[in-house]
Amino acid sequence: MQTKSGFRPRHAGWYAGALLLVLALLGLVLYGTGVIGSGGDDDSVDRACDGSLARGGLSAALHSSRLSAEDLDDGDYLASCRVRTEASGAERGALEVKLRWSTSKAPASTLVWYNANYNGVRDRAAPLGHGWPGVLRHESGTYQVMVALDCVNQRNKALVAYGDLLGAANSTTLTGLGQVTTETAREAAEKHGCQVEAGQRITGLSPGVLGRSGAAEPLRQADGSCAALRDTEAARNGTPDVLEYPADPDTPQVNCYLVTKAGKPGYGLYAYYGASAKDFLASEEAALKAATGPYGEHDYTWATSTCRSAQPAVFALYRLYDEDTGGYPVPHYSDSFARSALTAFAAHEAKQRGCGSVRTAAQP
């Protein structure tokens, strides 16, 4: 007589396996819809910056995949948001992204990046490269990536994005910051009907790309942003060395520093284009109205050139102040040298950008 003693266990095992499969599928559905996740708040990240915040690079920038985001109540911007890890406090380990149109008035917080161009190398800015019209810069412990994407279908208008890293900075986090900022700018521009020419994925950003005065090289070897000054009288005027950056036809700001034998930056030369030129002028006007501190009066000369944008390009040379010594590494300012050096620098820049002739400008 046959029994069915082995039948029940087989059915029990089948039911258990089916139950585990259903639970696994349910888990995948819940994870994919954001009901459960990696411990962060995926929904808040998706909604951040009016839904334009790019995810690429976020985890790298903040060294974590457990992230949450919130929009910032700031009426000066088209959109602004902050992303932070679960372990971070109000600011530590956070990343902020802010977006605005170049046609709107620049918020005061964005102008501070332009008001230290006569204070040593505090106004350093390195091009992002990879075809992006942007820079990496650093001030008071904060690294910022700024990118300005021209709207090819809307003349004289650009989507300007700022990405601030409030935390540890290294090659991984800064590359992540660059990716988040550039991709967010691209997505926001497209969302608002601004057609842009985007660059390639950012790689290789690090604190080292900003350089340091101790890394200056002989002027005769200049082949980047200072190349135009090789044939000037810079060495005879106390600045035989340079601190320069790679030549980049897309960057909205170009920096070149003439350095003394003692390794101190003596002159700073700058070129500003598009939205950066507009913001630089606004910053200088505000600083000159204040006229406070050791920079109330300083030596400089300017020039301008008409480019493709309605906003003329601005070129400037400043004699630099040294906070360490409380004085000027170049003790005697030569107006004739300043003008000849700026003319060479500006003419080279204008030619590279397809701009018109350079004109000496009156200071504001």
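Which residues form one aromatic cluster in this protein? The answer is a group of eight names worth finding on the screen: Y114, Y257, Y270, Y272, F280, Y300, W302 and Y318. Keep in mind that you are looking at a predicted model. Let us start with the whole chain and then come back to these rings.

The protein has 364 residues, and 47% of them count as buried. Its secondary structure comes to seven helices and 14 strands. If you take the contacts with a separation of 6 or more, residues 24 or more positions apart account for 62% of them. The aromatic residues give good examples of such links across the sequence.

A pair of aromatic rings is described by the distance of the centres and the angle of the planes. In this protein the count comes to 13 aromatic pairs. Take Y270 and Y318: the ring centres are 6.2 Å apart and the planes stand at 65 degrees, so this pair is edge-to-face, a label given to angles over 60 degrees. Y270 belongs to strand β11 (residues 265-272) and Y318 to strand β13 (residues 313-319), so the pair links distant parts of the chain, 48 residues apart. Both Y270 and Y318 are buried.

Now look for a second pair, Y273 and F315. This pair is edge-to-face too, with 6.2 Å from centre to centre and 80 degrees between the planes. Y273 sits in the loop between β11 and α6, while F315 is in strand β13, so the pair ties together parts that are 42 residues apart in sequence. Y273 counts as buried because its relative accessibility is 8%, under the 20% limit. F315 is buried as well, with a relative accessible area of 0%.

Y273 has another partner to look at: R353 lies over the face of its ring, at 3.9 Å from the ring centre. In a similar way, K157 lies over the face of W101, at 4.1 Å from the ring centre.

Let us go back to Y318 in strand β13. At 0% relative accessibility, Y318 counts as buried. What is Y318 in contact with, leaving aside its neighbours within four places in sequence? The list includes N117, Y118, G266, E284 and H298, and also Y270, F280, Y300 and W302. These last four are members of the aromatic cluster you met at the start. D299 is another contact of Y318; the two are 19 residues apart in sequence, and their C-alpha atoms are 6.0 Å apart in space.

Next, turn from the side chains to the spaces between them. The largest pocket has a volume of about 940 Å³. It is lined by 32 residues, and those closest to its centre are A148, D150, G274, R308 and S309. Two elements, β6 (142-150) and α6 (274-290), give two or more residues to this lining. By class, the lining of the pocket divides into 14 nonpolar, 10 polar and eight charged residues.

There is also an enclosed space to find. A search of the whole structure finds one cavity of 30 Å³ or more, and about 60 Å³ of space lies in the largest cavity. Among the residues that line this cavity are V112, W113, R122, D123, H138 and Q253. Strand β5 (residues 134-139) gives the largest share of the lining, three residues. By class, the cavity lining has four nonpolar, two polar and five charged residues.

Terms used
Residues numbered from 1 in each chain as written. Predicted model: local features only at pLDDT ≥ 70, side-chain atom pairs only at ≥ 80, totals over all residues. Heavy atoms only, no water. 1 Å grid on protein atoms, 1.4 Å probe; cavity = no way out; pocket = protein on both sides within 12 Å on 5 of 7 lines; lining within 4 Å. Points joined across faces, edges and corners; volume = space filled by probe spheres on them. Helix = DSSP H or I, 4+ residues; strand = E, 2+ residues; numbered from the N terminus. Nonpolar A, V, L, I, M, F, W, Y, C, P; charged D, E, K, R; others polar. Phe/Tyr/Trp six-rings, centres within 6.5 Å; stacked < 30°, edge-to-face > 60°. Buried < 20%, exposed > 50% of the residue type's maximum accessible area, 1.4 Å probe, protein only. Lys NZ or Arg CZ within 6 Å of the ring centre and 35° of its normal. Contact = heavy atoms within 4.5 Å.
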